[in-house]
2 protein chains.
Amino acid sequence: MSATPPDQFAARLIAQGSRFARIASRATGSSRPLVAMRVLATLQFDGPQRIGQLAAHERFTQPAMTATINRLEADGLVTRTTDPSDARAVVVTLTEAGLAEMTAFRAKAAAHVLPAMERLGADDLAVLARAADLLEKLADDCLPASPRRVGAAPTPSKESDDH
Amino acid sequence: MSATPPDQFAARLIAQGSRFARIASRATGSSRPLVAMRVLATLQFDGPQRIGQLAAHERFTQPAMTATINRLEADGLVTRTTDPSDARAVVVTLTEAGLAEMTAFRAKAAAHVLPAMERLGADDLAVLARAADLLEKLADDCLPASPRRVGAAPTPSKESDDH
DNA sequence: CAATATACATCAGACATTTATATACCTCAG
DNA sequence: CTGAGGTATATAAATGTCTGATGTATATTG
């Protein structure tokens, strides 16, 4: 069943996932980084979040997420409020305009991708739907010790990065 | 079968695909843009390619692909030769070092993702394998009129972009 | 052979991301 | 209640990468 040997499996998933995301996203004409759309979606489905939470979720550095939120805030897609329980923290909330932008992005993505999908069988569509869930889970599992108090090795190393 | 309504399907696939790719790729410690690894993989599996072909395949502008190839060439991962059949064109070829870098990337990706995959059942693994194929096909279908002489509308519009 | 199209390179400008550092706030031992 | 140390975010500086415009060489066509 696997045309690709197991050691190529992960890399192929990374390559095809990123290529599809880029090409489909560009087809929508969106001029915003993909991470911005992911942040908006996270805010929509998981509710308001702290900057640090969002950064960890996307494997971004905190300054990069601050900058991303700055841009979204400047465009009126999110609002920044101080966490009443911790004055250091900032809670980011999706605005009506942000929700509208997400909706528009989804519509454009659907318009450009669904035609190709319609050439697939029901089983393949089910595969893609399931794959989206699995990719989310795999990504979460690849994040460094996010679950609370796991007590695993604290990974003291520096962990270089990419992009 | 679908927890997500159809108009969210494409956007969710984009979001989860890009997030997984980023997180898994960063876990490998690679300091190279993902597009560089995709280019190397393309050169490995599809053989030497022109700069323009590679740019179209990744939906990159030609100057961006030229710069990407410059960096790969500077690191000795690809070589540049003039196409004997067209002196304007440049053919990019994978080197031994380039192949080695791909192999190393695959090994690191596997090392970081396979543990999470092992918690999945055989059916889910099959879903992911199939999904990689489907994502590739969908991405190809989203590319603007790449197939030769289709005679379709030449898409005269400007098509803004992103990232 | 001249006019036009193609393939790639180069350049300038814009952005995004990283590391390092600063600031404000919280927690808690003493 | 005070000060040390940790946490959440902001800011600064450096780096890298993308796009659009343009230049150069080659190919194609009438």
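## Exercises on a predicted two-chain model

Across the interface of chain B and chain A, 22 residue pairs are found in polar contact, with both partners at pLDDT 80 or more. The model is a predicted one, and the exercises below work through this interface, one helix of chain B and the build of chain A.

**Exercise 1.** Describe the side of chain B that touches chain A, by element and by residue class.

*Solution.* Begin with the elements: H1, H2, H3, helix H5 (96-117) and helix H6 (122-142) of chain B each supply at least two residues of this side. Among the contributors, H1(B) gives the most, with 22 residues. Then sort by class, which yields 38 nonpolar, 12 polar and 20 charged residues on the side of chain B that touches chain A.

**Exercise 2.** State the extent of the interface of chain B and chain A, and give examples of its pairings.

*Solution.* First take the contacts, in which 70 residues of chain B meet 70 residues of chain A. Next take the area: about 7300 Å² is buried between the two chains, and carbon and sulfur atoms give 67% of that area. Turning to charged pairs, the rule finds 10 salt bridges across the interface; one salt bridge joins the side chains of B:Arg119 and A:Asp141, at 3.3 Å from N to O. A further pairing involves B:Arg22, a residue of helix H1 (residues 6-27) of chain B, whose side chain reaches the backbone oxygen of A:Arg59 at 2.8 Å.

**Exercise 3.** Decide whether B:Arg22 is buried or exposed.

*Solution.* The relative accessible area of B:Arg22 is 9%, and buried means under 20%, so B:Arg22 counts as buried.

**Exercise 4.** Work out why the buried residues of H3(B) lie on the same side of the helix, and name what covers them.

*Solution.* List the residues first: in helix H3 (residues 51-58) of chain B, the buried ones are B:Ile51, B:Leu54, B:Ala55 and B:Glu58. They cover an arc of only 100° around the axis, and therefore sit on the same side of H3(B). In general, an α-helix has 3.6 residues a turn, so residues three or four places apart point the same way. The cover includes helix H1 (6-27) of chain A and, from chain B, elements such as helix H4 (62-74) and strand E2 (78-82). Just after H3(B), B:Arg59 takes a positive phi of about 60°.

**Exercise 5.** Summarise the build of chain A.

*Solution.* Chain A has six helices and three strands, which run α-α-β-α-α-β-β-α-α from the N terminus on. Of its 163 residues, 47% are buried.

Methods
Residues numbered from 1 in each chain as written. Chains lettered and ligands numbered in written order. Heavy atoms only, no water. Buried < 20%, exposed > 50% of the residue type's maximum accessible area, 1.4 Å probe, protein only. Helix = DSSP H or I, 4+ residues; strand = E, 2+ residues; numbered from the N terminus. Arc of directions from axis to C-beta. Contact = heavy atoms within 4.5 Å. Polar contact = N/O pair within 3.5 Å; in protein donor to acceptor, adjacent residues only side chain to side chain. Buried area = accessible area lost by both parts, 1.4 Å probe. Salt bridge = Lys/Arg side-chain N within 4 Å of Asp/Glu carboxyl O. Nonpolar A, V, L, I, M, F, W, Y, C, P; charged D, E, K, R; others polar.
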